[in-house]
Amino acid sequence: MNSYILNKKTPKEIDMQIAERIRNIRRRRKISQQRLSEKSGVSLGSLKRFESTGEISLISLTKIAVALELENELEDLFENVPFFSIEEILNEGK
């Protein structure tokens, strides 16, 4: 059964949403793709591919986040994940 039903986004849709957010931040700060590439150490080709397809390695995404001074947002990812069940609460820290 497909786990991406109704209102759930596909992994591709989530990736594209993240790429769009990064592109919007880059643009509002008036940083060119070339400059962000230089500042982050991520190749220009990888940055362009990310902004157009959402595809990027985790290390490259981290480098881009650091270059845009967004590392706190990335570090907070999965920080406050709610429990799904009592069993999950009991299993925490085991």
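Which helix supplies the largest share of the lining of the largest pocket? In this predicted model, that share comes from α1, with six residues.

## The largest pocket

The largest pocket holds about 490 Å³ of space. Its lining is made up of 17 residues, and those closest to the pocket centre are Ile18, Ile22, Leu61, Leu74 and Leu77.

Three helices each contribute at least two residues to this lining: α1, covering residues 11-28, α4, covering 58-67, and α5, covering 71-75. Sorted by chemical character, the lining of the largest pocket comprises eleven nonpolar residues, three polar residues and three charged residues.

## Secondary structure

The protein contains six helices and zero strands. Followed along the sequence, the order of elements is α-α-α-α-α-α.

## Overall dimensions

The radius of gyration of the protein is 17 Å, whereas a compact globule of 94 residues would have a value near 12 Å. The principal-axis spans of the C-alpha trace are about 50 × 30 × 20 Å.

## Burial, surface and contacts

Of the 94 residues in the protein, 23% are buried. The accessible surface amounts to about 7,400 Å², and carbon and sulfur atoms account for 54% of that surface.

Sequence separation offers another view of the fold. Among contacts with a separation of 6 or more, 48% join residues that lie 24 or more positions apart.

## Ser37 and its surroundings

Helix α2, which spans residues 33-40, includes Ser37. Is Ser37 buried or exposed? The relative accessible area of Ser37 is 9%, and because the cut-off for burial is under 20%, Ser37 counts as buried.

Setting aside residues up to four places away in sequence, Ser37 is in contact with Val42, Ser43, Leu44 and Leu47. How far apart are Ser37 and Asn91 in space, C-alpha to C-alpha? The two residues are separated by 42 Å in space, and by 54 residues in sequence.

## Summary

The model describes a protein of six helices and zero strands, with a radius of gyration of 17 Å against a value near 12 Å for a compact globule of 94 residues. Its largest pocket, with about 490 Å³ of space, draws six lining residues from α1, and eleven residues of the lining are nonpolar. In helix α2, Ser37 is a buried residue with a relative accessible area of 9%.

Note on methods. Residues numbered from 1 in each chain as written. Predicted model: local features only at pLDDT ≥ 70, side-chain atom pairs only at ≥ 80, totals over all residues. Heavy atoms only, no water. 1 Å grid on protein atoms, 1.4 Å probe; cavity = no way out; pocket = protein on both sides within 12 Å on 5 of 7 lines; lining within 4 Å. Points joined across faces, edges and corners; volume = space filled by probe spheres on them. Helix = DSSP H or I, 4+ residues; strand = E, 2+ residues; numbered from the N terminus. Nonpolar A, V, L, I, M, F, W, Y, C, P; charged D, E, K, R; others polar. Rg over C-alpha atoms; globule rule 2.2 N^0.38 Å. Buried < 20%, exposed > 50% of the residue type's maximum accessible area, 1.4 Å probe, protein only. Contact = heavy atoms within 4.5 Å. Areas by Shrake-Rupley, 256 points an atom, 1.4 Å probe, with all protein chains shown as cover.
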